[in-house]
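Subject: Structure handover

Hi,

Here is the structure I promised to pass on to you. Please have a look at it first, and then read my notes below.

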Amino acid sequence: MLKRTIYDEEHEIFRNSVRKWAEEEVFPHAETWREEGCVSREVWKKAGEQGFLCMYADEKYGGLGLDDFRYDMILAEEINPREPGFFIALHNRIVAPYIHKLGTDEQRDRFMPGIVSGDCVLAIAMTEPGTGSDLGGVRTRAVEMDDHWVLNGSKTYISNGFLAGLVVVAARTGDGHEIGLFLVEDGMEGFSRGRNLKKMGLASQDTAELFFDDVKIPKANVLGDPRKGFKSMMMNLAEERIMGALGFTARAERAFDVTMEYIMDRRAFGRPIGTFQNSRFKMASMRTELDAAWALTDHCVREHLKGELSAEMAAQAKLFTSEVEGRVVDECVQLHGGAGYMEEYEISRLYGDARISRIYAGTSEIMREIIGRGLGLDERSRN
Ligand SMILES: Cc1cc2nc3c(=O)[nH]c(=O)nc-3n(C[C@H](O)[C@H](O)[C@H](O)COP(=O)(O)OP(=O)(O)OC[C@H]3O[C@@H](n4cnc5c(N)ncnc54)[C@H](O)[C@@H]3O)c2cc1C
């Protein structure tokens, strides 16, 4: 088994505190949250009290001023496999950085304290009923008036969509890739939420439809240049993809562990099923794939820590780890036999949860497009 060397002693101390906290405050509620289709607001606040939300934020906002990506990796590794619907990484590493890096001082002063305390849960709304992979096709539109913008349109599949107090919304402000990012606050007139969508997995994640009907957005809620939001979205995607890769690998590792336990316990033909050559070979192949997934992910994290992670490498990590997760959970269900199909066995949930990994944050096909383009194999190289 691969010995990971990405973490120092302080990280491991932090890991122990996260593990202990999650055992007390997260995992005991997981089943209730799955039934309710949403994690509680309290768990967000408790995470805030622990200092687990946006550790990189300035101390004046309640943060720790600790900008080390590895602490967020540990949160993902420890929490995600057993409560994958608690999207703490989306809050910390996918949405908050827009406000932290792109926001004005006034926007940071206004929003960061609530984001760090867990009072204000974050979401990002890019996908629409008519467009997902092709973000340039966004049809939600923002029109500039004297002292505000008017937002109209709808979004779908938005994670944290029900609990979110603040949503970063991508809307068309001009032709082509002229897209702006707008801070839409809970309670703004004309902003409403549709269904909490029922899904194949991630049952405790509140994935929602959002509607904007003549929402008046004050100019103070425009994030960055209202015509250059597309570029900002692209810049944040590499971090989003390695954060995803970590969660996928951690969940696949969990599937491997629960299966290992199961096959040593379950007997057939007078022996543990884990001792059949087929089981041994399957586990050996999965161990190898998992170690390769960790190695690739950790390589990307090292590049990221140096500020040198390329879009192509991040895409490779997202592609490979999500496909490994898919293969691993499938083999693990098979090794469980009929039990693997039963909801009461964890592997059944892990199987359902895994299916989305190859779709969101850019599908596997889009990842191959990015990697292929990096090889110089795009439409423009046809002649
Ligand atoms: C549970 C969940 C949570 C989500 N959370 C969020 C969120 O918080 N915020 C948000 O904005 N979005 C979110 N999404 C949306 C997600 O990012 C999109 O579903 C995803 O990007 C794919 O877009 P699509 O569904 O429109 O599929 P489409 O773009 O319609 O793709 C359909 C198929 O066509 C393929 N395809 C498309 N273009 C190409 C191409 N150029 N070459 C080859 N194949 C192609 C795709 O790979 C896919 O197989 C979430 C989705 C889900 C299911």
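A word on naming before we start: helices here are DSSP runs of H or I with at least four residues, numbered from the N terminus. Please also keep in mind that this is a predicted model.

By that naming, Arg-251 has its place in helix H7. Is Arg-251 buried or exposed? Buried means under 20% relative accessible area, and Arg-251 counts as buried because its relative accessibility is 1%. Its side chain comes to 3.4 Å from the backbone oxygen of Asp-353. Asp-353 also appears in the list of residues that Arg-251 contacts beyond its neighbours within four places in sequence. That list includes Asn-80, Pro-81, Pro-84 and Leu-202, together with Glu-325, Leu-350, Ala-354 and Ser-357.

Next, the region that holds this helix. An unreviewed UniProt entry places the feature "domain: Acyl-CoA dehydrogenase/oxidase C-terminal" at residues 228-375. Over those residues the chain is 76% helix and 3% strand, and the C-alpha atoms at the two ends are 27 Å apart.

Helix H11 covers residues 364-374, and its buried residues are Ser-364, Met-367, Ile-370, Ile-371 and Gly-372. What covers them? Helix H7 (229-265) is part of the answer, as is helix H9 (311-336). Just after H11, Gly-376 adopts a positive phi of about 85°.

Now to the ligand, which may be the part you want to open up yourself. How many residues surround the ligand? There are 18, and the closest are Thr-127, Ser-133, Ser-159, Thr-363 and Glu-365. By type, the shell divides into 10 nonpolar, 6 polar and 2 charged residues. H11 supplies at least two residues of this shell, and so do strand E1 (122-125) and strand E3 (148-158).

Here are some atom pairs to look at:

- Ile-124: a backbone N or O atom lies 2.9 Å from a nitrogen atom of the ligand.
- Thr-127: a polar side-chain atom is 2.7 Å from a nitrogen atom of the ligand.
- Thr-363: a polar side-chain atom is 2.7 Å from an oxygen atom of the ligand.

As for coverage, the ligand has 970 Å² of accessible area on its own, and the protein covers 64% of that.

Happy to talk it through whenever suits you.

Best wishes

Terms used
Residues are numbered from 1 along each chain as its sequence is written. This is a predicted model: local features need pLDDT of at least 70, side-chain atom pairs count only at pLDDT 80 or more; totals for chains, interfaces and linings use all residues. Side-chain values use heavy atoms; hydrogens and water are left out. UniProt positions are given in the numbering used here, feature names are shortened, and annotations may be inferred rather than shown by experiment. Buried means under 20% relative accessible area, exposed over 50%, partly exposed in between (1.4 Å probe, protein chains only). Contact means heavy atoms within 4.5 Å. A residue is near a molecule or strand if one of its heavy atoms lies within 4 Å of it. A polar contact is a pair of N or O atoms within 3.5 Å; within protein, one must be able to donate a hydrogen and the other to accept it, and residues adjacent in sequence count only if both atoms are side-chain atoms. Accessible areas come from the Shrake-Rupley method with a 1.4 Å probe; for residues, only the protein chains shown count as cover. Ala, Val, Leu, Ile, Met, Phe, Trp, Tyr, Cys and Pro count as nonpolar, Asp, Glu, Lys and Arg as charged, and the others, Gly among them, as polar.
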